[in-house]
Amino acid sequence: MPRTPWIVGVSGASGTPYAAAVLRALLDAGESVDLVVSRASRLTLLDETGISFRDAHWQADLREWLSRGADGKPGTFSADIGAVRHWSAGDLAAGPSSGSYPTRGMLIVPASTASVAGVALGLSKDLLQRAASVTLKEGRKLIVAVRETPLNGQTLRHLVTLDDAGATVVPASPAFYAGATHIQDLVDFVAGRVLDAAGVPHRLYRRWQGELGGGAHRDG
């Protein structure tokens, strides 16, 4: 069977642990991934984790990134990245830049307001934006995990434009009913909701069962 990956675009918004959690869960689910890490996101990744993501050493850098928990502790997770293909953000001749390149869809996580605007306006200034535009025009799933607060009117209008175009907007808003006890639990909830929107099975968070108090933690 032909390889049909999910494209994961990582923009420059704060929230690189969200991207790591989504990537690990996709790989755990047996999915193939085409990864696009924007130039701005590399600065954020360096700031949030101390990791320099380099095109020439992307495999080693990705392994190090995915091994870290949301608290930054290395060696927390292990991930087989054999199903990942990396494309440079400046490579507009890359596979995902064409509609004839088969993909299951695209997840932008986290999505900055700049990336939201670029996709909504069809700017295609880099591969992340171009791949998202292609995803929309081909009628494939586009999940946008916007991570910004507060949201001004301009960004809200861009998000409505993306919704009208068929994208699913998933704000990076953790919930607390799942009984979170660690920052990783909150990150995994957002990552899980992104994967829910994509239709990818996972076990990242405890789902609501209709019973009050299920997320409470009591001593004794």
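# Briefing: fold, cores and backbone features

Val 10 is found in strand β1, and this residue of the predicted model is a convenient place from which to enter the fold. The protein as a whole comprises seven helices and six strands, which follow one another along the sequence in the pattern β-α-β-α-α-β-β-α-α-β-α-β-α. Of its 220 residues, 50% count as buried, and the points below begin with strand β1 before turning to overall dimensions, the nonpolar cores, two helices and some backbone features.

**Val 10 and its surroundings**

- Because its relative accessible area is 1%, below the 20% limit for burial, Val 10 counts as buried.
- Leaving aside residues up to four places away in sequence, Val 10 touches Ala 19, Leu 35, Val 36, Val 37, Ser 38, Ser 41, Trp 65, Val 109, Pro 110 and Leu 128.
- Val 10 and Leu 46 stand 36 residues apart in sequence, and their C-alpha atoms are 13 Å apart in space.

**Overall dimensions, surface and charge**

- A compact globule of 220 residues would be expected to have a radius of gyration near 17 Å, and the value for the protein, 17 Å, agrees with this.
- The C-alpha trace spans about 60 × 40 × 40 Å along its principal axes.
- When contacts between residues at least 6 apart in sequence are considered, 72% of them join residues at least 24 apart.
- The accessible surface comes to about 10,600 Å², and carbon and sulfur atoms account for 50% of that area.
- There are 22 positive and 21 negative side chains, and the centres of these two sets lie 3 Å apart.

**The nonpolar cores**

- The largest nonpolar core contains 38 residues, and those with the most contacts inside it are Val 8, Leu 26, Leu 35, Leu 62, Trp 65 and Leu 107.
- The elements that contribute two or more residues to this core are β1, α1, β2, α3, β4 (105-111), β5 (141-146) and α7 (183-198), and the largest share, nine residues, comes from α1.
- Apart from this core lies another, of 23 residues, which includes Trp 87, Tyr 101, Leu 142 and Val 146.
- Leu 26, one of the residues with the most contacts inside the largest core, touches Trp 6, Val 8, Glu 31, Val 33, Leu 107, Leu 195 and Val 200 when residues up to four places away in sequence are not counted.

**Trp 87 in strand β3**

- Trp 87 is found in strand β3, and because its relative accessibility is 11%, under the 20% limit, this residue counts as buried.
- Beyond residues up to four places away in sequence, Trp 87 touches Asp 34, Leu 35, Val 36, Val 37, Ala 94, Gly 95, Pro 96, Tyr 101 and Leu 127.
- Although Trp 87 and Asp 34 are 53 residues apart in sequence, their C-alpha atoms lie 7.1 Å apart in space.

**Helices α3 and α4**

- In helix α3, which covers residues 58-67, the buried residues include Trp 58, Asp 61, Leu 62, Trp 65, Leu 66 and Ser 67.
- The cover over the buried residues of α3 includes β1 (6-10), α1 (16-28), β2 (33-37), α2 (39-49) and β3 (84-88).
- In helix α4, which covers residues 113-121, the buried residues are Ser 115, Val 116, Ala 117, Gly 118, Val 119 and Ala 120.
- The cover over the buried residues of α4 includes β4, α5 (127-137), β5 and α6 (153-164).

**Backbone features**

- Just after α4, Gly 122 adopts a positive phi of about 70°.
- Ser 124, placed in the loop between α4 and α5, has a phi near 50°, which is a positive value in a residue other than glycine.
- The peptide bond that joins Val 109 and Pro 110 is cis, with omega about -10°; Pro 110 is found in strand β4 and is one of the residues that Val 10 touches.
- A cis peptide bond also joins Thr 149 and Pro 150, where omega is about -10°, and Pro 150 has its place in the loop between β5 and α6.

Note on methods. Residues are numbered from 1 along each chain as its sequence is written. This is a predicted model: local features need pLDDT of at least 70, side-chain atom pairs count only at pLDDT 80 or more; totals for chains, interfaces and linings use all residues. Side-chain values use heavy atoms; hydrogens and water are left out. Helices (H or I, at least four residues) and strands (E, at least two) are DSSP runs, numbered from the N terminus. The radius of gyration is taken over C-alpha atoms; the globule rule is 2.2 Å times the number of residues to the power 0.38. Buried means under 20% relative accessible area, exposed over 50%, partly exposed in between (1.4 Å probe, protein chains only). Contact means heavy atoms within 4.5 Å. Accessible areas come from the Shrake-Rupley method with a 1.4 Å probe; for residues, only the protein chains shown count as cover. Lys and Arg count as positive and Asp and Glu as negative; His and the chain ends are not counted. The place of a charge is taken as NZ of Lys, CZ of Arg, CG of Asp or CD of Glu. A nonpolar core is a set of buried Ala, Val, Leu, Ile, Met, Phe, Trp, Tyr and Cys residues joined through side-chain atoms within 4.5 Å.
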